[in-house]
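Grab a pencil and work through the exercises below with the structure open beside you. Try each task before reading its solution.

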Amino acid sequence: MFEEILSLIFSSSFEDPKHESGEVLGSMTTPPPPEVLKVVNHFISKNLGDPSLFRSLQIITEKLENITKEILHLPQDMKGIVTSGGTESNILALFLFRETLGTKKVLFPDTAHYSISKAAKILSIESEKISTYHSGKISPTDFKKKFPSTNAAIVLTMGTTELGGVDDPRDVIDNLEGVPLHIDAAFGGFTFPFINPEKYLSIISYLLKRDIEFTISVDFHKFLGAPIPSGMIFVPKELVDPLYFNGW
Ligand SMILES: Cc1ncc(COP(=O)(O)O)c(C=O)c1O
């Protein structure tokens with residue numbers, strides 16, 4: 001019986017396109033190499049939700065958080081939280097803004113990933129898309145028209161799903177102070193800082209110097225050999241509390 005079930009499970013994938021033969025284009029996922037699978041297999045039954053029981057996972061996570069922070073040039077006072085990927089990170093970002101900063105509306109360019117609309121809907125946050133030009137740049141006129149004076153957050157993308165475009169916060173609004181901003185870098189977080197380090201650093205240092213309340217999320221699993229699901233969101237430490245659920 002067990003053999004039959006296993007065989008059914010495996011045979012259900014026979015018709016799927018295969019990464020190995022180049023049949024998969026644009027899925028943003030790759031097969032992890034055997035060394036990585038060995039690690040995944042070793043930890044498969046350990047739960048990061050039980051860090052006191054599985055201490056090793058906590059140690060590894062802290063290491064991963066620090067390495068990622070270093071790659072992204074993020075300050076020590078941002079906390080990295082492991083997520084299952086871009087969608088969960090986007091939900092957490094808007095949840096955090098709603099809980100800590102009273103966000104009631106979110107604006108994002110029409111090039112954003114659909115998980116932003118999904119997150120807003122789940123959280124009962126009003127959402128509105130901002131028009132972009134053919135080049136992918138945001139229309140400042142449309143933005144000004146739609147941006148309310150209070151309780152609004154903005155989501156921008158670093159590496160849009162279709163074209164890999166990067167929204168520059170400086171193109172959006174002259175003064176972002178007091179406006180919560182989430183950067184969805186699920187796709188571009190591990191390419192843009194290497195392809196265009198000057199521009200990446202200028203965006204990050206602009207946000208840090210102006211004291212803008214921002215979160216940024218990246219996906220490991222959109223890069224060669226990383227297992228699915230694996231993502232991380234970085235949030236300012238002073239806002240992180242709502243992401244910890246301590247009992248009832
Ligand atoms: C920019 C961007 N954000 C979020 C996501 C959602 O990521 P996930 O499928 O890991 O939830 C994607 C997926 O393609 C994406 O390209």
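**Exercise 1: An aromatic pair**

Tyrosine 200 counts as buried, at 1% relative accessibility. Keep in mind that you're looking at a predicted model.

Task: Work out how the rings of phenylalanine 192 and tyrosine 200 are arranged, edge-to-face or stacked.

Solution:
- Start with the distance: the two ring centres are 6.4 Å apart, and rings count as a pair if their centres lie within 6.5 Å.
- Next comes the angle, which is 75° between the planes.
- An angle over 60 degrees counts as edge-to-face, so that's the label for phenylalanine 192 and tyrosine 200.
- Now check the surroundings of the partner: phenylalanine 192 is buried too, with 11% relative accessibility.
- Finally, zoom out: the whole structure has five aromatic pairs, and Phe190, Phe220 and Phe223 form one aromatic cluster.

**Exercise 2: A charge over a ring**

Task: Find out which residue lies over the face of tyrosine 206.

Solution:
- Look for a positively placed candidate above the ring, and you'll land on arginine 170.
- Its distance from the ring centre of tyrosine 206 is 5.8 Å, and the cut-off for such a contact is 6 Å.

**Exercise 3: Three salt bridges**

Task: The structure holds eleven salt bridges. Take the ones made by glutamate 65, aspartate 171 and aspartate 142, and say what each one links.

Solution:
- Glutamate 65 pairs with lysine 79, with 3.0 Å between the closest N and O atoms. Glutamate 65 sits in helix α3 and lysine 79 in strand β1, so this bridge ties together parts that are 14 residues apart in sequence. Glutamate 65 is buried, at 5% relative accessible area.
- Aspartate 171 meets lysine 137, and here the closest N and O atoms are 3.3 Å apart. This pair links distant parts of the chain, 34 residues apart: aspartate 171 is in helix α7, while lysine 137 is in the loop between β3 and α6. Aspartate 171 is partly exposed at 33%, and lysine 137 is partly exposed at 46%.
- Aspartate 142 joins lysine 145 at 3.8 Å, N to O. Both are in helix α6, three residues apart, so about one helical turn separates them. Aspartate 142 is buried at 8%, whereas lysine 145 is exposed at 68%.
- One last step: salt bridges with shared partners join Glu65, Lys69 and Lys79 into one network.

**Exercise 4: Two pockets**

Task: Describe the largest pocket and the second largest pocket by volume, lining and residue class.

Solution:
- The largest pocket holds about 1500 Å³ of space. Its lining has 39 residues, and Leu48, Leu57, Thr61, Leu64 and Val82 are the closest to its centre.
- Elements giving two or more residues to that lining are α2, α3, β1 and α4. The largest share, seven residues, comes from α3.
- Sorted by class, the lining of the largest pocket has 23 nonpolar, eleven polar and five charged residues.
- Turn to the second largest pocket, with about 250 Å³ of space. Here 17 residues form the lining, and the closest to the centre are Ser135, Gly136, Lys137, Gly165 and Asp167.
- By class, the second largest pocket is lined by four nonpolar, seven polar and six charged residues.
- You've already met one of these names: Lys137 is among the residues closest to the centre of the second largest pocket, and lysine 137 is also the salt-bridge partner of aspartate 171.

How values were computed
Residues numbered from 1 in each chain as written. Predicted model: local features only at pLDDT ≥ 70, side-chain atom pairs only at ≥ 80, totals over all residues. Heavy atoms only, no water. 1 Å grid on protein atoms, 1.4 Å probe; cavity = no way out; pocket = protein on both sides within 12 Å on 5 of 7 lines; lining within 4 Å. Points joined across faces, edges and corners; volume = space filled by probe spheres on them. Helix = DSSP H or I, 4+ residues; strand = E, 2+ residues; numbered from the N terminus. Nonpolar A, V, L, I, M, F, W, Y, C, P; charged D, E, K, R; others polar. Salt bridge = Lys/Arg side-chain N within 4 Å of Asp/Glu carboxyl O. Buried < 20%, exposed > 50% of the residue type's maximum accessible area, 1.4 Å probe, protein only. Phe/Tyr/Trp six-rings, centres within 6.5 Å; stacked < 30°, edge-to-face > 60°. Lys NZ or Arg CZ within 6 Å of the ring centre and 35° of its normal.
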